Amino acid sequence: MKFRKVMLILASCVFFATLAGCDKNNQSENDDVQDSAVQNDAQDDEDDSAEEVTTPPLAENPNEKIPENQAKEDGTSDIHVTIQNVEISLDDLKAQDYVVPVMVTLDENAGINYAEWGALVDSRCKFTADNSEMDYSVIYSINEEESFMWTAWSGGSDIITTTGNLLKLEVTLPQDAGVGDSYEINYQSVSLAEKPHAWSGEENWASNGYVTWTDGGITVVE
């Protein structure tokens, strides 16, 4: 367990150091990591001789491409992620102060010890996330302006094959939401820094296997 915690901390450091744009995180556990990144950025700015490092677009690298949602011939996957589709009545929506929980689950898992993935929420909504009491201790960062979230998880040296809950999104719908309105929440396979998602264990499933996902969202019903 101690080793897994150390690996998770190291993964979070790499995660936030390479992620561009997602610096508005609602998790207090990531504050120290972000503060360190800000201090490093300031130190780099003071060094006139420091060479600016940028992440090239995926299109410029012939060895990389935007990961696609692709299943095997029999319809199965090595990894499958589902973002819940929620239907809620207008009365219930008002009773919940327009806040709707949406679960993100890992439904198929061929064995992983590291993962990164994202989600894009309808820009008319605000959202936070909750990683407590989940099956995976996913850390996350939210860019409010882009309505975008990127996540990371590490299991250390252990290869995990269990399925279960990854993260719970808490989405706040606009006050003018009405019956029939829908708000999409889409899985993202590329970060704002144009870094592809990662699902790896003994195999790199994102590049050598089949990773699929089901988008979700919220619909207001009568």
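The legends below walk through several close-up views of this predicted model.

**Figure 1. The whole protein at a glance.**
Before zooming in, here is the overall setting. The protein has 222 residues, and 42% of them count as buried. Its secondary structure comes to 4 helices and 12 strands. If you take the contacts with a separation of 6 or more, 81% of them are between residues 24 or more positions apart. The accessible surface is about 12300 Å², and carbon and sulfur atoms account for 45% of that area.

**Figure 2. W117 and Y187, a stacked aromatic pair.**
The structure holds 4 aromatic pairs, and this view is centred on the one formed by W117 and Y187. Their rings are stacked, with 6.2 Å centre to centre and 10° between the planes. W117 belongs to strand 4 (residues 114–121) and Y187 to strand 9 (residues 182–188), so the pair ties together parts that are 70 residues apart in sequence. Both partners are worth a look for their surroundings too: W117 is buried, at a relative accessible area of 1%, and Y187 is buried as well, at 5%. Widen the view a little to find W213, which ring pairs link with W117 and Y187 into a cluster.

**Figure 3. Y136 and W153, an edge-to-face pair.**
Here the rings of Y136 and W153 meet edge-to-face, with 5.0 Å centre to centre and 75° between the planes. Y136 sits in the loop between strand 5 (126–130) and strand 6 (139–143), while W153 is in strand 7 (residues 148–154). The two residues are 17 apart, and their pairing links distant parts of the chain. Y136 is buried, with a relative accessible area of 2%, and W153 also counts as buried, at 7% relative accessibility.

**Figure 4. M149 and its place in the nonpolar core.**
In soluble globular proteins, nonpolar side chains tend to be buried together. The largest nonpolar core of this model has 42 residues. Those with the most contacts inside the core are M149, L166, V171, L173 and W199, and this close-up picks out M149. Which residues is M149 in contact with, leaving aside neighbours within four places in sequence? They are W117, G118, A119, F127, A129, Y140, S141, I142, L167 and L169. You will recognise W117 here from the stacked pair with Y187.

**Figure 5. S189 and the backbone of P67.**
S189 is found in the loop between strand 9 and strand 10 (198–200). This serine is buried, with a relative accessible area of 9%. A polar atom of the S189 side chain lies 3.2 Å from the backbone oxygen of P67. Not counting residues up to four places away in sequence, S189 touches I66, P67, W150, K195, P196, H197 and W213. The last of these, W213, is also part of the ring cluster with W117 and Y187.

**Figure 6. E133 and S147, two residues with positive phi.**
Most residues other than glycine have a negative phi. E133 has a positive value, with phi near 60°, and S147 has a positive value too, with phi near 55°. Are these residues buried or exposed? E133, in the loop between strand 5 and strand 6, is exposed, with a relative accessible area of 81%. S147, in the loop between strand 6 and strand 7, counts as buried, at 4% relative accessibility.

**Figure 7. G216 beside N85.**
G216 lies in strand 12 (residues 216–221) and is buried, with a relative accessible area of 8%. How far apart are the C-alpha atoms of G216 and N85? They are separated by 4.5 Å, although the two residues are 131 apart along the chain. Leaving aside neighbours within four places in sequence, the contacts of G216 are I83, Q84, N85, E184 and I185.

**Figure 8. G164 beside L106.**
The final view turns to another glycine. G164 lies in strand 8 (residues 164–172) and counts as buried, at 15% relative accessibility. From C-alpha to C-alpha, G164 and L106 are 5.3 Å apart in space, and they are 58 residues apart in sequence. Not counting residues up to four places away in sequence, G164 touches T105, L106 and D135.

Key
Residues numbered from 1 in each chain as written. Predicted model: local features only at pLDDT ≥ 70, side-chain atom pairs only at ≥ 80, totals over all residues. Heavy atoms only, no water. Phe/Tyr/Trp six-rings, centres within 6.5 Å; stacked < 30°, edge-to-face > 60°. Buried < 20%, exposed > 50% of the residue type's maximum accessible area, 1.4 Å probe, protein only. Polar contact = N/O pair within 3.5 Å; in protein donor to acceptor, adjacent residues only side chain to side chain. Contact = heavy atoms within 4.5 Å. Core = buried A, V, L, I, M, F, W, Y, C linked by side-chain atoms within 4.5 Å. Areas by Shrake-Rupley, 256 points an atom, 1.4 Å probe, with all protein chains shown as cover.
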